[in-house]
Structure formats: C-alpha cells, structure tokens
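Biologist: I'm new to this one, so could you walk me through a single part of it up close? I'd like to hear about the sheet and how its strands fit together.

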Amino acid sequence: MANTATHTASDEVEAPAKRDFLKILTVSAGAVALGATAWPLIDAMNPTVSELAVAKPIVNVGGIAPNTALRIMWLGQPIYIRKLTPQQIADNQFIVPDTLPDPASYTDRVKPGYETFVVVVGLNTGISCELLGNSPSDARGPFDGWSCPCDGSIYDPLGRVRSGPARKNLAIPRFTFLNDTQIQFG
Ligand code: FES
C-alpha cells in the first residue's frame with residue numbers, strides 16, 4: 001500500500017509527456033525508415049546521364065558549311081540543321097508572310113543571334129515523308145529549300161511551304177543555342 005500513497009501530481013504530468021515523446025520518437029523513426037525505403041525507388045525514376053544525353057542531345061554545328069545541312073535523329077524524327085548562304089538570307093528575309101500558304105516571317109523561323117541557322121523537322125507536312133534538299137545536289141525546288149518530288153510539296157530554305165499539297169511549314173523542334181557552335185535539343 002505504501003507505493004500508491006507516494007504517487008504525486010508530477011507523476012501525472014510526466015506520464016503523458018513521456019507518452020508524447022515516445023509517440024514522436026516512433027513516428028520519426030517510421031518516417032526515416034519510410035524515407036530510406038522509398039528513396040532508392042524515387043531515385044531510380046531520375047533519368048540517367050545516358051538517358052539525358054538521348055533526351056536532350058547536344059549537337060556541334062560548327063562544321064556545317066553554308067548551303068548544306070546536318071541530319072540527326074531525335075526522338076524518332078529526322079532533324080535538319082541547315083546553314084544559310086547570304087543569298088538565301090537575302091532571298092527570304094523580306095518575304096511578306098501573308099503571301100505564304102502558312103504565314104511566317106524570317107524571324108519566326110530562326111533564333112535571334114543565330115539567323116544563319118535553320119532547324120526543322122525534316123518531314124513533309126503533307127505525306128510525312130523525308131524531304132530532299134540537305135545537299136546542294138538534291139532536288140530542292142525553285143526556292144532552293146526542300147522538296148518532295150513525289151507529292152510535289154516545295155519548301156524554302158526556312159522550311160516554309162511554298163507550293164504543292166502540303167499546307168503547313170516544317171515543324172521547328174525545341175532547341176537552344178548553347179553557344180555559336182552547339183545546339184541542345186529538348
Ligand atoms: S514521298 Fe516525299 S520524297 Fe517521295
């Protein structure tokens with residue numbers, strides 16, 4: 001009987017506090033354990049370096065000669081990176097957009113500060129074939145751009161449709177110039 005008599009008011013205060021402390025400790029330990037278990041799974045979802053290199057490739061454009069284009073594949077599509085000649089720039093710079101089947105100005109088709117480069121998806125917007133025109137010896141059509149000799153669609157060097165069944169300009173992929181000689185896609 002002696003024990004019950006010594007049970008003081010402070011005991012009543014301490015017990016819930018201890019309980020709370022233990023509760024917090026348990027919850028924290030659980031959270032840490034959960035985190036330790038979940039992190040490898042979360043981290044596995046992060047793209048690897050090689051996946052990033054495929055998803056966001058960096059392409060060197062320093063070696064592209066004027067009047068030629070480099071062809072790469074990105075996300076399953078042919079991408080053409082063309083370097084314009086001064087004549088091609090002069091011929092296309094002041095075309096009135098509203099006179100074109102799919103109105104677009106020169107500046108709509110190039111990046112500021114890199115106006116000698118045109119970057120397009122090399123697929124005919126009519127029948128989705130791969131176009132001719134990357135090499136000066138290809139059948140480029142009357143505007144010195146790209147063409148599909150099969151359906152007759154004709155594009156200028158900025159990838160703007162000029163004639164034929166296609167009604168849309170060549171698509172422009174997402175890309176950024178990192179510097180004068182490197183483009184990153186994505
Ligand atoms: S289908 Fe376009 S080049 Fe033949």
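**A look at the sheet**

Modeller: Let's begin with how far to trust what you see, since this is a predicted model. In the protein chain, confidence is highest in S4, at 98, and lowest in helix H1 (residues 2-5), where the mean is 51. Across the protein chain the mean pLDDT is 89, with 90% of its residues at 70 or more.

Now for the sheet. It's an open one, built from three strands in the order S2-S3-S4, with antiparallel pairing. S2 and strand S4 (117-121) are the edge strands, so to speak the ones that each pair on one side only. From one strand to the next, the twist averages 20°.

Start with S2, which covers residues 69-74, and follow the chain into S3, residues 77-83. These two strands make a hairpin, and just two residues sit between them. One residue in that turn, Leu-75, has a positive phi of about 50°. Right by the hairpin's pairing you can look for Trp-74, which stands opposite Gln-77 in S3. Six bridges link S2 and S3, running in the antiparallel sense.

Next, hop over to the pairing of S3 with S4. It's antiparallel too, with five bridges. To find your way there, pick out Tyr-80: its bridge partner in S4 is Val-120.

As a general point, strands of a sheet pair through backbone hydrogen bonds, either parallel or antiparallel. In a regular strand, the side chains alternate between the two faces of the sheet.

Definitions and conventions:
Residues are numbered from 1 along each chain as its sequence is written. This is a predicted model: local features need pLDDT of at least 70, side-chain atom pairs count only at pLDDT 80 or more; totals for chains, interfaces and linings use all residues. Side-chain values use heavy atoms; hydrogens and water are left out. Two strands pair if DSSP finds at least two bridges between them. Helices (H or I, at least four residues) and strands (E, at least two) are DSSP runs, numbered from the N terminus. Axes are lines fitted to C-alpha atoms, for helices over the stretch in contact, and angles run from 0 to 180 degrees between N-to-C directions. pLDDT is the predictor's confidence in each residue, from 0 to 100.
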